[in-house]
Amino acid sequence: MKGVEVTVGQVSRAYGDFKALDDVSVQIKKGEFFSLLGPSGCGKTTLLRIIAGFDYPDNGTVEFDGKNILPLAPDKRQSNTVFQTYALFPHLTVYENIAFPLRLKHVDKNEIDRKVKEYVHLVQLDDHIHKKPSMLSGGQKQRVAIARALINEPRVLLLDEPLSALDAKLRQNLLVELDELHDKVGITFIYVTHDQSEALSVSDRIAVMNKGKVLQIGTPYEIYEAPATRFVAQFIGESNSFPCTVLSCEPFNSEYMLKVDVPALGGIVSVTDYDSQPIGAKIDFTVRPEKIRITAEAPKATNKELNIYCGMVDEPVYSGFQSKFYVRLDNEKHSIIKVFKQHTAFLDEGPEISWRDKVFVSWTAADGYLV
Ligand code: ATP
């Protein structure tokens with residue numbers, strides 16, 4: 001099996017006056033695990049349905065390996081879809097459910113038997129082959145649906161929130177299996193999800209969508225470390241974001257060092273960025289909670305670009321492997337900064353920090369960013 005390159009060019013789709021997709025362009029590489037990620041209603045499923053052939057765009061193109069597939073019916077597109085609800089036939093066994101697409105095509109009986117066993121094995125259901133869906137767990141049912149979608153050897157598998165009906169632990173396990181399955185079959189996977197941690201952990205690349213538009217396409221690392229917009233910064237992971245004004249911008253190593261005025265922080269913040277910004281530009285300054293150090297003593301500013309603020313712990317939240325602190329700054333606005341502190345066995349963490357303690361929060365210029 002070989003994957004196809006999927007090219008979506010300037011696709012728009014409206015329902016009445018409502019634009020579900022607005023000029024969306026995405027290029028998905030052969031064999032890539034590509035996720036469409038965004039909040040409910042952003043248009044992910046609409047885009048997937050258009051690629052599958054269950055819906056049609058008002059404008060734009062969809063190509064597989066450079067060939068226009070829009071005139072083709074869904075079953076002629078070399079794609080197959082796995083839905084959130086498993087859509088299995090309740091009266092058929094695992095074997096019969098998976099064999100179904102081959103029976104429709106009148107494939108030879110021995111060939112059906114060989115292939116069904118191969119795909120049952122691929123999704124690790126060998127011990128359940130003669131069971132009916134009612135005797136299977138949610139995760140097992142979804143594996144049947146995946147095997148059934150793969151048995152016709154599509155060149156692209158479309159997955160529409162396939163794990164959302166499962167509980168958290170099972171979702172995590174099945175996600176790992178899906179990743180391994182993708183490596184084995186080598187075809188293109190397009191995966192729709194609203195769950196950023198799912199998308200970050202399995203995707204080669206992600207398109208982040210909101211309100212019918214694609215805001216950023218990149219690897220999980222790029223999306224997390226260099227979000228292109230405030231929405232992406234806030235939707236992926238957690239962040240502290242504040243409006244700011246650019247005061248200065250100087251070349252610094254291969255980047256730029258900027259001084260920005262952040263009224264919510266009551267002062268000027270140093271931040272490095274790949275791009276230069278015009279003086280006076282009004283943008284947002286963001287720093288992720290896990291990039292901030294929280295200490296009882298003032299940190300020594302060995303690096304003059306260290307940003308240091310003093311405040312009081314407003315709300316500590318213990319959550320096992322890490323603690324979250326909401327620190328109310330000692331400034332005019334008393335802004336809250338969110339800080340995550342990992343509990344590790346390796347670092348001397350200093351005295352324990354608790355509610356109402358006076359603390360210092362600090363981060364380097366390289367740890368903040370502007371969007
Ligand atoms: P979710 O995660 O909730 O499934 P989504 O990002 O997949 O969300 P879509 O299902 O693509 O969103 O829907 C995008 C928008 O288009 C939604 O506001 C939805 O209500 C609207 N929409 C989708 N299909 C139709 C339809 N057939 N008629 C009218 N509006 C529709």
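## The shell around the ligand

In this predicted model, helix H1, which covers residues 44-52, supplies the largest share of the shell around the ligand, namely three residues. The full set of residues that surround the ligand consists of Tyr15, Ala20, Gly38, Ser40, Gly41, Cys42, Gly43, Lys44, Thr45, Thr46 and His194.

When the residues of this shell are sorted by their chemical character, three of them count as nonpolar, seven as polar and one as charged. Why does glycine not appear among the nonpolar residues here? The grouping used places Gly among the polar residues, so Gly38, Gly41 and Gly43, which belong to the shell, are counted on the polar side.

## The chain as a whole

The chain contains eight helices and 20 strands, and its C-alpha trace spans about 75 × 45 × 40 Å along the principal axes. Of the 371 residues in the chain, 36% are buried.

How do the contacts in the chain relate to distance along the sequence? If one takes the contacts between residues at least 6 apart in sequence, 65% of them join residues that are at least 24 apart.

## Two domains

The chain is divided into domain 1, which runs over residues 6-234, and domain 2, which runs over residues 238-370. The centres of these two domains, taken over C-alpha atoms, are separated by 39 Å. Where domain 1 and domain 2 touch, the contact takes four residues from domain 1 and five residues from domain 2. On the side of domain 1 that touches domain 2, the residues divide into two nonpolar, one polar and one charged.

A database record also describes part of this chain: in an unreviewed entry, UniProt lists residues 6-236 under "domain: ABC transporter". In the model, the end C-alpha atoms of residues 6-236 lie 25 Å apart, and this span is 36% helix and 26% strand.

## Helix H2 and its neighbours

Which residues of helix H2 (residues 94-104) are buried? They are Val94, Asn97, Ile98, Ala99 and Leu102. An α-helix has 3.6 residues a turn, so residues that stand three or four places apart point the same way. The buried residues of H2 pack against two other helices, namely helix H3 (109-122) and helix H4 (138-150).

After helix H2 comes histidine 106, and the phi angle of this residue is positive, with a value near 55°.

How values were computed
Residues numbered from 1 in each chain as written. Predicted model: local features only at pLDDT ≥ 70, side-chain atom pairs only at ≥ 80, totals over all residues. Buried ≥ 20, exposed ≤ 12 C-beta atoms within 10 Å, placed from the backbone. Helix = DSSP H or I, 4+ residues; strand = E, 2+ residues; numbered from the N terminus. Contact = placed C-beta atoms within 7 Å. Near = placed C-beta within 6 Å. Domains from an automatic or database assignment. UniProt positions renumbered as here; feature names shortened; annotations may be inferred.
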